[in-house]
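Me: I'm a first-year student and still learning to read structures. Please pick apart one region for me, slowly and in plain words.

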Amino acid sequence: MNNQDEINYIERILAGETNLFSYFVNSYSNSIHSLIVRIVLTNEDAEELTQDSFLKAFKKLDTFKGDCSFSTWLFRIAYNTAISATRKRKMEFPTVDEAMMESVPDEAIETFFDPDENEIKLQKLEEAIGKLNVEEKTLITLFYTEDKSVAELARVLDLSPENVKVKLYRVRKKLYVLMTKGI
Amino acid sequence: MNNDKAIIKALQSTEIPRLSADFNLRMMAEVYRAVERKKKRAYVLGLCLISGVSLALIGLAVYVFYTYFSMNFKFELPGLPKIQLSSATKSIYAFSTYIALLSLMLIGLDNYIRRKWLTKKMK
């Protein structure tokens, strides 16, 4: 279903065909849940926050302008909902020294994440991803698993596209440091 | 950056707990509940608005009656008051009755046209 079809669905939902909202729930519940569970870490909370995100989206459906895809709009709501939950819990993430990150040569990053055969490396990478902060996790989850463009990521995270590009680049450097220096 | 196969694989291989099987059903039940709540809220709000406006109109009518209308009550038979109106009050009564009938007619016309338009839209 393309963006225009989704807009038509939204118009019909707003006109009273509430049951059509199930299409959005069926299509996006797993993606939203997998993003939230990476942020809040517990499944019970993630499920509750997924439900909250969909309810917020439903209640604010009339504010959806159609200038981005519905999924981008929904991811933005889910991200903000999850962020609010993490703020209440004051989660802590390891910080990486700036100088350490600056010292990483660009060429090393370009080739480091390319080969995918090494199981130990993959395990280390999974651990390193777990140590990223909320914004960084959201960035890589949406960029690599949901195939969101830089422009869409900018909308979800309320950043400029240039800022998203820089942050994506820095996340890769941070992952490299976390994996090689064993932080 | 799209060639970062290792990152993609690591993200995909991370075990993500699944949503409970009945999540979508529960979600839609919540949505229907939200719709019901919204309808109820709108109904109560409408009721409060109508009550408020009605009370205000009654208050205004009482105020206008006491301020601008003078009436003499003559009791000829016990329990049956006979109202005597002065000539100035009579003209105000006539004008008020004319305005009230005109308003009723316009409201009726509005209701009739609105219903017709809705029926046409439904078809």
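The part I'd like to follow is the side of chain A that touches chain B, along with a few spots elsewhere in chain A.

Reply: Sure, let's start with the ground rules. Residues count from 1 along each chain as its sequence is written, while chains are lettered from A and ligands numbered from 1 in the order in which they are written. The model is predicted, so local features need pLDDT of at least 70 and side-chain atom pairs count only at pLDDT 80 or more, whereas totals for chains, interfaces and linings use all residues; side-chain values use heavy atoms, with hydrogens and water left out.

Now for the meeting place. On chain A, 38 residues are in contact with 28 residues of chain B (contact means heavy atoms within 4.5 Å). Between them, chain A and chain B bury about 3,200 Å², and carbon and sulfur atoms give 68% of that (buried area is the accessible area, with a 1.4 Å probe, that two parts lose on being put together, summed over both). Of the area that chain A buries against chain B, 19% comes from A:Glu47, A:Gln51 and A:Tyr144, more than from any other three residues.

What about polar links? Six residue pairs are in polar contact between chain A and chain B, both residues at pLDDT 80 or more (a polar contact is a pair of N or O atoms within 3.5 Å; within protein, one must be able to donate a hydrogen and the other to accept it, and residues adjacent in sequence count only if both atoms are side-chain atoms). Several elements of chain A give two or more residues to the side that touches chain B: α2, α3 (43-59), α7 (119-130), α8 (134-145) and α10 (161-180) (helices, H or I with at least four residues, and strands, E with at least two, are DSSP runs numbered from the N terminus). The largest share, ten residues, belongs to α2(A). Sorted by class, that side of chain A has 17 nonpolar, 13 polar and eight charged residues (Ala, Val, Leu, Ile, Met, Phe, Trp, Tyr, Cys and Pro count as nonpolar, Asp, Glu, Lys and Arg as charged, and the others, Gly among them, as polar).

Let's stay with α2 of chain A for a moment. This helix covers residues 21-40 and bends by about 50 degrees at A:Tyr28 (the bend is the angle between axes fitted to the seven residues ending there and the seven starting there). The helix α2(A) is largely enclosed by the rest of the structure, because 15 of its 20 residues are buried (buried means under 20% relative accessible area, exposed over 50%, partly exposed in between, with a 1.4 Å probe and protein chains only). Just past α2(A), A:Leu41 has a positive phi of about 75 degrees. That's worth a second glance, because most residues other than glycine have a negative phi.

Back to the interface, where the rule finds one salt bridge (a side-chain nitrogen of Lys or Arg within 4 Å of a carboxyl oxygen of Asp or Glu). The partners are A:Glu47 and B:Arg26, with their closest N and O atoms 2.6 Å apart. A:Glu47 lies in helix α3 of chain A, and B:Arg26 in helix α2 (residues 23-68) of chain B. At 13% relative accessibility, A:Glu47 is buried, whereas B:Arg26, at 33%, is partly exposed. A network of salt bridges also ties B:Asp22 to this pair.

Away from the interface, have a look at the salt bridge between A:Arg155 and A:Asp67 (3.7 Å, N to O). It links distant parts of the chain, 88 residues apart: A:Arg155 is in helix α9 (residues 150-157) of chain A, and A:Asp67 is in the loop between α3 and α4 (70-89). Both count as partly exposed, A:Arg155 at 38% and A:Asp67 at 49%.

Finally, two loop residues. A:Asp147 sits in the loop between α8 and α9 of chain A, and A:Asp158 in the loop between α9 and α10. Neither is a glycine, yet A:Asp147 has a positive phi of about 55 degrees, and A:Asp158 likewise has one of about 55 degrees. A:Asp147 is exposed at 64%, and A:Asp158 is exposed at 58%.
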